Amino acid sequence: MLLAPLARVSREVAETSARSRKISMLAGLFRTAGPQDVPVVIPYLAGRLPQGRIGIGWNALKDPPPPAGRATLTVHHVDDTFTALAAVSGPGSQAERRRLVQELLGAATGEEQRFLVGLISGEVRQGALDAVAVEALAETSGAAAGAVRRAVMLAGSLQHVAERLLAEGPHVLEEFLLTVGRPVLPMLAQSAADVSEAVGRLGACAVEEKLDGIRVQVHRDGGTVRIFTRTLDDITDRLPEVVDIAATLDGDGFVLDGEVIALDERGRPRPFQEIASRVGSRTDVATAATAVPVSPVFFDILSLDGEDLLDLTFAERHEALAGLVPEPMRVRRIVVPGTDGPGGDTAGTRTEDAEAFLADTMARGHEGVVVKALDTPYSAGRRGAGWLKVKPVHTLDLVVLAAEWGHGRRTGKLSNLHLGARRDDGSFVMLGKTFKGLTDVMLEWQTGRLRELAVRDDGFTVTVRPELVVEIAYDGLQRSSRYPAGVTLRFARVVRYREDKRAADADTVETVLAAHSQARGQ
């Protein structure tokens with residue numbers, strides 16, 4: 001497949017806001033693509049490189065050669081070039097990367113050059129989100145959108161499902177089943193302003209501690225245990241103590257959902273950075289495990305002894321979880337019954353119980369609660385309306401869009417961060433700036449990391465690829481005509497970087513605006 005139609009559709013999708021039109025355009029592109037092209041086409045449309053980071057900075061992209069007169073580049077030739085770029089290392093690597101990039105751009109037409117530069121720099125934000133691509137694939141293949149979506153959830157890869165769907169037809173979707181040893185995308189929680197709102201929205205529910213740890217999915221198939229992160233990375237070798245614990249459970253085959261946490265000598269949670277560092281440690285795991293031992297805490301079960309439990313209610317899944325996992329390894333919770341009616345005594349009592357549990361959870365050092373409807377199935381890979389997180393401290397997971405060079409004692413360091421929330425079309429809206437909360441260690445780290453993501457530097461501000469997620473605490477929101485969303489953060493400060501999250505996991509503009517409306521009583 002030639003790159004030219006992909007570049008053209010990317011531009012056209014960027015120029016329309018109608019979801020139905022986006023779906024139609026992507027469906028047309030998928031009809032012209034071969035099944036072997038789709039694993040490259042889909043991430044390109046979403047602004048991702050299958051190779052991940054390839055070490056290309058703005059210097060390699062500036063002063064491109066004259067564009068080619070006709071389109072000859074194929075999608076696979078471009079993909080092969082990016083693979084070669086990712087492999088470049090050692091002395092002279094910068095010059096070799098620039099040579100390869102300039103050679104690629106020289107073979108591209110003007111529109112292809114613009115697309116490639118945007119793709120490499122991370123600025124391709126044309127609204128072709130995975131959710132839109134799922135519906136386009138359904139339209140192209142004649143499959144039901146729900147069936148495609150479920151297959152993607154269970155496979156953990158839109159590209160893999162798309163390749164087989166276009167090659168073999170809709171019947172192949174039946175082959176994508178929950179399989180022990182193959183991770184699925186985790187169910188995520190939406191946000192609620194407070195406990196009263198959460199229990200009011202959900203009816204009969206469980207209120208569980210929200211732990212400040214690393215999300216894990218633990219698979220056991222006979223004597224084999226595998227552990228995966230929320231981004232489906234295999235971290236089995238880094239958590240030997242969790243492997244040992246999973247091996248002691250009575251079930252022969254299961255998939256458990258939970259978190260790993262680390263506790264101090266008082267039984268209180270250790271800082272998230274310590275847990276993240278421990279889980280990220282790939283060398284001398286034994287020493288790391290001795291210094292920061294972690295414990296799993298499970299709150300859901302997706303499969304047990306060959307039975308897929310995803311479509312069971314949360315109450316039914318928890319019953320199965322309790323039968324397998326001892327109580328000390330299950331998340332603390334209370335069950336809140338449904339209300340007899342709006343404003344009745346039951347409604348007041350259930351809110352009081354939930355608020356008391358939240359207060360106790362906070363006193364134990366945890367960050368909040370997750371309120372879960374008892375009748376909800378497990379919506380893998382989605383922010384299900386049946387799970388609502390409540391965190392008393394206002395925080396948002398935002399994406400760093402740029403950073404300003406510091407002054408005074410911060411000279412030479414990237415300091416003031418430009419913060420963005422995610423739009424549904426994959427682009428980002430700036431909400432404000434902050435340099436508060438940054439320690440010297442964080443300043444040093446973020447300067448190095450942001451320079452790796454830089455796409456341009458005007459001497460004052462470094463614009464970066466929108467990939468790095470940072471957790472921001474703030475005191476509230478206020479109206480502002482300076483920012484596109486019409487609001488900005490008040491007294492924003494950095495809590496921590498979230499390298500365990502992708503930009504696609506950042507909070508949306510809708511989340512921010514909803515919080516603003518709630519704060520104003522609207």
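## Strand E11 and its partners

Strand E11 pairs with strand E15 (residues 461-464) in the antiparallel sense, over three bridges. Within this pairing, alanine 403 lies opposite valine 462 of E15. The model described here is a predicted one.

E15 is one of several partners. E11 also pairs with strand E16 (residues 469-473), again in the antiparallel sense, over five bridges. There, leucine 398 has valine 470 of E16 as its bridge partner. Six bridges join E11 to strand E12 (residues 414-422), and these two strands run antiparallel. In that pairing, glutamate 404 is matched with asparagine 416 of E12. Strands of a sheet pair through backbone hydrogen bonds, and the pairing may be parallel or antiparallel. E11 is mostly covered, with 11 of its 11 residues buried.

## Aspartate 397

Aspartate 397 belongs to strand E11, which spans residues 395-405. Is aspartate 397 buried or exposed? Its relative accessibility is 6%, and buried means under 20%, so aspartate 397 counts as buried.

The side chain of aspartate 397 makes a polar contact of 2.4 Å with the side chain of lysine 501. Lysine 501 also appears in the list of residues in contact with aspartate 397, once neighbours within four places in sequence are left aside. The others in that list are Val469, Val470, Glu471, Arg498, Ala506 and Asp507. Of these, Val470 is also the bridge partner of leucine 398.

## A five-strand open sheet

Another group of strands forms an open sheet. Five strands take part, in the order E4-E3-E5-E6-E7, and the pairing is antiparallel. E4 and strand E7 (307-308) are at the edges; each has a single partner strand, so one side of each is left without a neighbour in the sheet.

Inside this order, E3 pairs with strand E5 (residues 253-261) in the antiparallel sense over eight bridges. As an example, aspartate 221 has glycine 253 of E5 as its bridge partner.

## Two cavities

How many cavities of 30 Å³ or more does a search of the whole structure find? The search finds two. The largest cavity holds about 440 Å³ of space. It is lined by 25 residues, and those closest to its centre are Lys210, Arg215, Arg230, Glu259 and Val370. Four strands each supply at least two residues of this lining: E1 (188-191), E2 (205-210), E9 (368-373) and E10 (383-390). By class, the lining of the largest cavity consists of seven nonpolar, one polar and 17 charged residues.

The second largest cavity holds about 30 Å³ of space. Its lining is made up of Val184, Pro186, Arg215, Val216, Gln217, Phe228, Thr229, Arg230 and Asp257. Strand E3 (214-221) and strand E4 (224-229) are the elements that give two or more residues to this lining. E3 provides the largest share, three residues. By class, the lining of the second largest cavity has four nonpolar, two polar and three charged residues. Rolling a probe the size of a water molecule over the atoms shows where empty space is left.

## Alanine 189

Strand E1, which helps to line the largest cavity, contains alanine 189. Its relative accessibility is 12%, under the 20% limit, so alanine 189 counts as buried.

Which residues does alanine 189 touch, not counting residues up to four places away in sequence? They are Val370, Arg383, Trp387, Leu388 and Lys389. Val370 is also among the residues closest to the centre of the largest cavity. The C-alpha atoms of alanine 189 and alanine 385 are separated by 7.3 Å, although these two residues are 196 residues apart along the chain.

## Helix H9

Helix H9 covers residues 145-155, and its buried residues are Val148, Ala151, Val152, Met153, Leu154 and Ala155. An α-helix has 3.6 residues a turn, so residues three or four places apart point the same way. Val148 and Ala151 are among the buried residues of H9.

What covers the buried residues of H9? The cover includes helix H8 (130-141) and helix H10 (158-168). Just after H9 comes glycine 156, with a positive phi of about 75 degrees.

How values were computed
Residues are numbered from 1 along each chain as its sequence is written. This is a predicted model: local features need pLDDT of at least 70, side-chain atom pairs count only at pLDDT 80 or more; totals for chains, interfaces and linings use all residues. Side-chain values use heavy atoms; hydrogens and water are left out. Buried means under 20% relative accessible area, exposed over 50%, partly exposed in between (1.4 Å probe, protein chains only). A polar contact is a pair of N or O atoms within 3.5 Å; within protein, one must be able to donate a hydrogen and the other to accept it, and residues adjacent in sequence count only if both atoms are side-chain atoms. Contact means heavy atoms within 4.5 Å. On a 1 Å grid over the protein atoms alone, a cavity is a set of points where a 1.4 Å probe fits but cannot get out, and a pocket is an open set with protein on both sides within 12 Å along at least five of seven lines; lining residues have an atom within 4 Å of a point. Grid points are joined across faces, edges and corners, and a volume is the space filled by probe spheres set on the points. Ala, Val, Leu, Ile, Met, Phe, Trp, Tyr, Cys and Pro count as nonpolar, Asp, Glu, Lys and Arg as charged, and the others, Gly among them, as polar. Two strands pair if DSSP finds at least two bridges between them.
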